[in-house]
Amino acid sequence: MLKFIRDPERIKRWMNLRVMLIKNLIPLDYPLIINVEPTNACNLKCVMCPRRFSNRKIGYMEMETFEKIINDIKEFGIVFRLFLQKDGEPLLHPELESMIRMAKAKRVAKMVSVITNGVLLSPKRARELIRSGIDDISISLDAAKETTYRQLKSSGSLEEVEENVRGLLNLRKELGRSKPIIRVRMVDLRENCGEREAFFKKWESVADFVEVIPFHTWKGAIEDLSPDGIPVCERYPCSLLWYTAVINWDGSLSPCCIDYDGAGIFGSINDRTLYQHWNGHNMEGLRHAHIAGCLEEVPFCRNCEYWRIKEDIGGWLKKKYASRINKGFNSP
Ligand code: SF4
C-alpha cells in the first residue's frame, strides 16, 4: 500500500514526473481530469472556504444530468480521474454511491475520487462507499487538535471525524479490499501550521497518504490565511485550462474548480457535449488569453493564485503555442 511521502526531494521528483507526463499528453482533445459537483450544499462552515461569499443557488445534481455526463465521457473513452466534488460536501447527496457505481460500471475513469469532510462517514456510509467501488477518498481534517478543528470548521467534532476515518480504514481491512486509497489532508494555515508535525505523526502509519495542501485565497475572496504569506512570482499560463474540466450540480460548466461563485460559467452540459465545450470558443478564448498574457481581458482569473500551486509549464506552453495564437490551442 502506498504511504505518505515526506521527503521534499521525493516530492520534487514526483512533481517532475507529473510535469513530464502532462507535457507528453498536451494537447488533449479531451480533459484528463473532470470535477463533477454532486451538490454545493455543505454541513460545515470552514474559515478557508469561500462558500459564504457565493450567491449560487444550492442544489443537488439530478441522476439524469449525471448520466448525460457519463455518456458524454464514454463516447470519447476514458479520463484519468473523475472527482465527485467541487464546492459542497458530496456525502450530502443521497445518490452519491449510485453515481460512483455508474461511473465504475461504464469504465469512464481510471480513478473515481471523492473529497469529503468526513462528518457523514458513518460505518453504514463507509460500507456503502467501499461497496460502490470508489477508488480514492480524501478526508479534510485540517487539524490535529479538537480546539483548532472547531475554530476552523465552526462546528463538528474532530474526535468523531477521526473515528470515522479509522472506521473506514478498519472496514476496508475487514472486507479484504485494497481500495479505496484513503488520504487525510489539511490546508496549511496560520491556525494549524503548529500542528503539522502532530498531524503527520498521528496519521502517517495509519492512512495511505497524509497531505498538506497549500492555501490560496479563492481569487481574493478570502484574506491570506497562509502561515508565511503566498509567495509572489511572475505570472505564467494556468495549466489547469489544458487538462481539467468542471461541471456544476446543475450541469453548468466552469473553467476550473476555483469558480466557487459561478462567475466563470460559460455553458451547460445540456446544450452541447463535453467534447464540444472542451474544444469550444470559451475554453479556447481563456487558453488564448493565458498564452498571450492578456489577463486583464479575463477578470475571472485576474486575482487568482491557484495557478501557482499547480505545475509551472507556462514557458513550455507559450513556446508550444506561440505560433498558434490565432488558430486554436487544443488541436495537435
Ligand atoms: S488562473 Fe485560477 S481562476 Fe483562472 S483558470 Fe487557473 S485556477 Fe482557474
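Hi everyone, let me start with one pair of residues: S140 stands opposite R185 in strand 5. Before going on, a reminder that this is a predicted model.

So where does that pair sit? Strand 4, residues 136–140, and strand 5, residues 181–187, pair in the parallel sense, and five bridges join them. Zooming out, there is an open sheet of nine strands, with mixed pairing. If you'd like to trace the order on your screens, read 6-5-4-3-2-1-7-8-9. At the edges you'll find strand 6 (209–213) and strand 9 (267–268), each of which pairs on one side only.

Now, which helix lies across strand 5 and strand 6? That's helix 7, residues 196–203, and it runs at about 160 degrees to strand 6.

Let's move on to a pair of helices. Two packed helices are described by the angle between their axes and the distance between the axes. Here the partners are helix 3, residues 96–105, and helix 4, residues 123–132. They pack at an angle of about 15 degrees, and their axes are 9 Å apart. Angles under 35 degrees count as roughly parallel, so helix 3 and helix 4 are roughly parallel to each other. As for handedness, helix 3 passes helix 4 in a right-handed crossing.

And which residues make the contact? From helix 3 we have E97, I100 and R101, and from helix 4 we have E128, L129 and S132. By character, the residues of this contact between helix 3 and helix 4 divide into three charged, two nonpolar and one polar.

That's my tour; thanks for listening, and I'm happy to chat!

Key:
Residues are numbered from 1 along each chain as its sequence is written. This is a predicted model: local features need pLDDT of at least 70, side-chain atom pairs count only at pLDDT 80 or more; totals for chains, interfaces and linings use all residues. Axes are lines fitted to C-alpha atoms, for helices over the stretch in contact, and angles run from 0 to 180 degrees between N-to-C directions. Helices (H or I, at least four residues) and strands (E, at least two) are DSSP runs, numbered from the N terminus. Angles under 35 degrees count as roughly parallel, over 145 as roughly antiparallel, 65 to 115 as roughly perpendicular and the rest as oblique. A crossing is left-handed if the near helix is turned anticlockwise from the far one by less than a right angle, and right-handed if clockwise. Two residues are in contact if their C-beta atoms, placed from the backbone, lie within 7 Å. Ala, Val, Leu, Ile, Met, Phe, Trp, Tyr, Cys and Pro count as nonpolar, Asp, Glu, Lys and Arg as charged, and the others, Gly among them, as polar. Two strands pair if DSSP finds at least two bridges between them.
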